[in-house]
Amino acid sequence: MAKPEIQITTTHTFEGRRIVKYCGLVSGDAILGANMFRDMFASLRDMVGGRSGSYEKVLRSAKSEAIEDMLESARERGGNAVVGVDLDYETIQVQDGGSMLMVSATGTAVVIE
């Protein structure tokens with residue numbers, strides 16, 4: 001069975017739609033490891049300039065996972081939309097000197113008509 005589509009927006013309203021019920025705060029998180037080789041190549045990119053394609057790919061993946069977790073939470077609360085979506089990014093340092101990337105997505109689940 002297909003999951004119902006949930007609309008999302010960073011604003012607090014949907015143009016032309018009316019919010020009829022607030023279902024509560026929803027969030028999703030994704031924490032992904034960044035490996036030593038990626039860190040090394042990113043350091044080289046910092047020195048010579050340019051984009052770090054491997055980090056961009058990890059960041060997109062983490063963002064997608066966090067948003068999907070948030071949408072699943074909205075479905076569980078009975079919402080068909082999420083308003084006021086905010087994405088936060090953090091780097092977490094771990095004991096062995098490595099780092100992990102954390103992406104959090106938060107918003108308010110609502111029912112719109």
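Visitor: Is Arg75 buried or exposed?

Guide: Buried means under 20% relative accessible area. Arg75 has a relative accessible area of 19%, so Arg75 counts as buried. Keep in mind that this is a predicted model.

Visitor: Which residue forms a salt bridge with Arg75 at 3.3 Å?

Guide: Start with the general idea. Side chains of opposite charge can pair when their charged atoms come close. Now the case here. Glu68 forms a salt bridge with Arg75, with 3.3 Å between the closest N and O atoms. Glu72 also meets Arg75 in a salt bridge, again listed at 3.3 Å, N to O.

Visitor: Where do Glu72 and Arg75 lie?

Guide: Both sit in helix H2, residues 53-76. They are three residues apart, about one turn of the helix. Salt bridges with shared partners join Glu68, Glu72 and Arg75 into one network.

Visitor: How exposed are the acids, Glu68 and Glu72?

Guide: Partly exposed lies between under 20% and over 50%. Glu68 has a relative accessible area of 33%, so Glu68 is partly exposed. Glu72 is at 26%, so Glu72 is partly exposed as well. Their partner Arg75 is buried.

Visitor: How many salt bridges does the structure hold?

Guide: Three. One of them joins the side chains of Glu113 and Arg18, at 2.7 Å from N to O. That pair links distant parts of the chain, 95 residues apart. Glu113 is in the segment after strand S4 (99-112). Arg18 is in the loop between strand S1 (7-8) and strand S2 (19-34).

Visitor: Let me step back to the fold. In what order do the elements of the protein chain run?

Guide: Read from the N terminus, and the order is β-β-α-α-β-β. That is two helices and four strands.

Visitor: Which strands are joined by bridges, S3 to S4 and S1 to S3, and how do they run?

Guide: Take each pair in turn. S3 and S4 run antiparallel, joined by eleven bridges. Ala81 stands opposite Val110 in S4. S1 and strand S3 (residues 81-93) run parallel, with two bridges between them. There, Ile8 has Val82 in S3 as its bridge partner.

Visitor: Which residue takes a positive phi in the hairpin of S3 and S4?

Guide: Gly97, with a phi near 90°. The hairpin has five residues between the strands.

Visitor: How do I read a single strand residue, say Ser104 in strand S4?

Guide: Check cover, then partners. Ser104 has a relative accessible area of 13%, which means it is buried, as the cut-off is under 20%. Its side chain joins that of Asp29 in a polar contact of 2.7 Å. Leaving aside neighbours within four places in sequence, Ser104 contacts Gly28, Asp29, Asp86, Leu87 and Asp88.

Visitor: What share of the contacts with a separation of 6 or more comes from residues 24 or more positions apart?

Guide: 77% in the protein chain. The salt bridge of Glu113 and Arg18 gives one example of a link between distant parts of the chain.

Visitor: What percentage of the residues counts as buried, and how much surface does the protein chain expose?

Guide: Of 113 residues, 35% count as buried. Arg75 and Ser104 are both buried. The protein chain exposes about 7,500 Å². Carbon and sulfur atoms supply 54% of that area.

Terms used. Residues numbered from 1 in each chain as written. Predicted model: local features only at pLDDT ≥ 70, side-chain atom pairs only at ≥ 80, totals over all residues. Heavy atoms only, no water. Salt bridge = Lys/Arg side-chain N within 4 Å of Asp/Glu carboxyl O. Buried < 20%, exposed > 50% of the residue type's maximum accessible area, 1.4 Å probe, protein only. Contact = heavy atoms within 4.5 Å. Areas by Shrake-Rupley, 256 points an atom, 1.4 Å probe, with all protein chains shown as cover. Polar contact = N/O pair within 3.5 Å; in protein donor to acceptor, adjacent residues only side chain to side chain. Pairing = 2+ DSSP bridges.
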